[in-house]
Amino acid sequence: MRYAQGGGLTDAERGARERVRLEAVARFEAGETNRAVAAVLRVTDRSVERWRRQWREAGQAGVSSKGSPGRPKLSVVQMARLERELERGPLAHGWSDQRWTLARVKNLIGRLFHVSYTVEGTWRLLKRHGWSWQQPTRRVIERDDDAVEPVEERGLAAGKSTAAACNGWIAFEDEAGQSMTPPRARTWGRIGQTPVVHVRGRGAGRVSMAGMTCYKSGERSRLIYTVREYTGRKNQPKGFGWRDFRDLLVRARIQLGGPIVLVWDNVRIHLTADMREFVDANSDWLTVFQLPTYAPDLNPQEGVWSLVKRDIGNLAAADLGQITRAVKRKLKMLQYRPQVIDGCLAGTGLTLGYE
């Protein structure tokens, strides 16, 4: 039983404290000074003084821990129920947003168990049971978790089997874009004065990126990409067309030197008739699998875009060309960091597993 008594300490924590006290007693009997005992046991001089006084008055029994005089207000069963309710989220309990605050948790405890906690006590309770203040990730409501879960569990088993059969590469493709306004990144500033990032309010343009993270057992992971700059000129394409994806795939086959099992999402440009015809005509080296809808967290290429956006955070770009150069520089650097590309795959929870 983890939180039976002792102010919420675990059995292991209580045992560790008891061993420290017994070690202190042994050092008292050996004639060591309080300062020496405190230094060795890494406790305060005041604690050692109190233990020595207790030892003189009642021997070893006087130093042994008596445990906390109180018990936690919530039992093990109640705490388990509270954790289940917290995992349901604030919406299920009548709040309009999805933020658990200490005040709301305190309120929920009162509703469920008619027990009163202070805000500080609520914080200590959550910390003891493995909860922390975190930045949440976003997930769209339309996402089909029933379709996503089997992919996560099997680790793209069909794609891995196909890649193993043809001794090919598994390649994850995705697109991203960046305007003249760079992403906001955290920076140091004086307390009470929010830092200001100055950006250009005028000027159109956008940098479009398409990339593929490529994996094969026993081979160095690869990153293959293409970048297009749109400046608003007449008849200039704003983004990528199916021919751009065709050219990217052909270039990937030349660089990788083998068959490709392509995994990408269901955006419209991937599903055009021309793109399907190209895939069918090159089925001897190209096999395509679709990711579930609204599941970007399963695509390691998203991790690459995250690293690129982080690198240009707060960039005070003079023109679109500076954004383009910064993007290309970061992508080029990542091409020489296969361990980072491997980390992007690990971040999705997927595995190759076809060794």
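Which residues of the largest nonpolar core touch the most other members? Keep that in mind while you get your bearings.

**Before you click.** This is a predicted model: local features need pLDDT of at least 70, side-chain atom pairs count only at pLDDT 80 or more, and totals for chains, interfaces and linings use all residues. Residues are numbered from 1 along each chain as its sequence is written, and side-chain values use heavy atoms, with hydrogens and water left out.

**The whole protein.** Show everything as a cartoon: you have 14 helices and 5 strands. Helices (H or I, at least four residues) and strands (E, at least two) are DSSP runs, numbered from the N terminus. Of the 355 residues, 37% are buried; buried means under 20% relative accessible area, exposed over 50%, partly exposed in between (1.4 Å probe, protein chains only).

**The strands.** Select β1 (169–179). In β1, 9 of the 11 residues are buried, so the rest of the structure largely encloses this strand. Now add β2 (206–215): it runs antiparallel to β1, with 10 bridges joining them. Two strands pair if DSSP finds at least two bridges between them. To see one spot along this pair, pick Glu173, which stands opposite Met212 in β2.

Next, bring in β4 (260–264). β1 and β4 run parallel and are joined by 4 bridges. Trp169 has Ile260 as its bridge partner in β4, and Ala171 has Leu262. Turn on the side chains of β4: Ile260, Leu262 and Trp264 point one way, Val261 and Val263 the other, and all are buried. Move on to β5 (residues 286–290), which pairs with β4 in the parallel sense over 5 bridges. Val263 stands opposite Phe289 there.

**The core.** Back to the opening question: select Met209, Val304, Val327 and Leu331, which touch the most other members among the 33 residues of the largest nonpolar core. A nonpolar core is a set of buried Ala, Val, Leu, Ile, Met, Phe, Trp, Tyr and Cys residues joined through side-chain atoms within 4.5 Å. The elements giving two or more residues to this core include β3 (222–230), α12 (300–311) and α14 (338–348). Helix α13 gives the largest share, 6 residues. Apart from this core lies another, of 22 residues, among them Phe240, Leu248, Leu256 and Trp264.

**Inside α13.** Zoom in on Val327: not counting residues up to four places away in sequence, it touches Met209, Val227, Val308 and Ile312. Contact here means heavy atoms within 4.5 Å. Then pick Thr324, also in helix α13 (residues 320–335). Thr324 counts as buried because its relative accessibility is 7%. Leaving aside neighbours within four places in sequence, Thr324 is in contact with Val207, Val227 and Glu229.

**Last stop, α5.** Select residues 76–88, the helix α5. Which of its residues are buried? They are Met79, Leu82, Glu85 and Leu86. Look down the axis of α5: these buried residues fall within an arc of 120°, so they line one face of the helix. The arc is that of the directions from the helix axis to the C-beta atoms. Covering the buried residues of α5 are, among others, α6 (102–113) and α7 (119–128). Spin to the face turned away from the buried side, and you'll find the exposed residues Val77, Glu87 and Arg88. Finish at Gly89, which follows α5 and has a positive phi, near 95°.

Note on methods
Expected span 1.5 Å × (residues − 1).
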